[in-house]
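I opened my notebook to look up how the inside of this model is put together. Here is what I noted, entry by entry.

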Amino acid sequence: MSGSRIAENLASVRERIARAAARVGRDPRSVRLVVVTKGVGADLIREVVEAGADCLGENRVQEARQKLAVLGDLPVKWHMVGHLQTNKVKYVIGMFEMIHSLDRLSLAEELDRRAGQRRTTVDVLVQANVSGEQTKFGVAPEETVEFIRQVSRFEHVKVKGLMTMAPFVPDPELARPCFRRLRELADEVRREAVGGVDMDWLSMGMTNDFEVAIEEGANLVRIGTAIFGERREPGGNH
Ligand SMILES: *Cc1c(COP(=O)(O)O)cnc(C)c1O
């Protein structure tokens, strides 16, 4: 895909974000766009950043490390949006502004340990499996509050919100209940007022369903295909 197309696609996504926000009386600037660059080569990533992207999402540590080696000069934040293996935690501290996929206590423990060694903290979102699909990672909704309570004891891990992946459905309206459920879950966590835990971010909505997600309160949307087109390199789509 040519550079001009990428700039155009990015502009069109921003326009759609703004319209979705406006429909529910929200300030479009309250929605942050994570441009998901998995499977996308360095040249196109430079183009999207030149076109104004300031936050990039990757779903594999290995791929992110390779990209950062050649794109480390870019004025952007990197987010880890995909499943994170415990044995990769040693690489992620200091690399990502936020990890969207905290889904188990053993991972929190390792993040805490590694961040502690580096005398820093790591910002995370708790991934909740609101759709209940067996194939999806994430904490069960009814266990989320207790899970967050336990994570809050790790002093180097800071919970900043929730993330979910809705089921892929042809009609995005069908994903709406999932997004609503995640928002309600965040309200529930807020009411519990667990020390050190913030519910600043709701990471939900992808190419297929981001407008519905924004209508339901998303303020972090993770979008790849609408900007770069259908994937790209083998193995990119995970
Ligand atoms: C690939 C991916 C996205 C982006 O999906 P698109 O449909 O390409 O917009 C968002 N979140 C996660 C976790 C992903 O792996």
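Entry one, the core. I looked up the largest nonpolar core and found 72 residues, among which Val48, Leu111 and Ile227 touch the most other members. Such a core is a set of buried Ala, Val, Leu, Ile, Met, Phe, Trp, Tyr and Cys residues joined through side-chain atoms within 4.5 Å; buried means under 20% relative accessible area, with a 1.4 Å probe and protein chains only. A second, separate core has seven residues, including Val34, Met98, Leu125 and Met163.

Housekeeping: this is a predicted model, where local features need pLDDT of at least 70 and side-chain atom pairs count only at pLDDT 80 or more, while totals for chains, interfaces and linings use all residues. Residues are numbered from 1 along each chain as its sequence is written, and side-chain values use heavy atoms, leaving out hydrogens and water.

Entry two, Leu111. Beyond four places in sequence, I found it touching Leu84, Val89, Val92 and Ile93, among others; contact means heavy atoms within 4.5 Å.

Entry three, helix α5 (a DSSP run of H or I, at least four residues, numbered from the N terminus). Its buried residues are Leu107, Ala108, Glu110, Leu111, Asp112 and Ala115. They pack against α4, β4, β5, α6 and β6; strands are DSSP runs of E, at least two residues. Just after α5, Arg119 takes a positive phi of about 55°.

Entry four, Ala53. I found this residue in the loop between α2 and β2, buried at a relative accessible area of 3%. Its contacts beyond four places in sequence are Leu10, Arg14, Val35, Val48 and Val76.

Key:
Buried means under 20% relative accessible area, exposed over 50%, partly exposed in between (1.4 Å probe, protein chains only).
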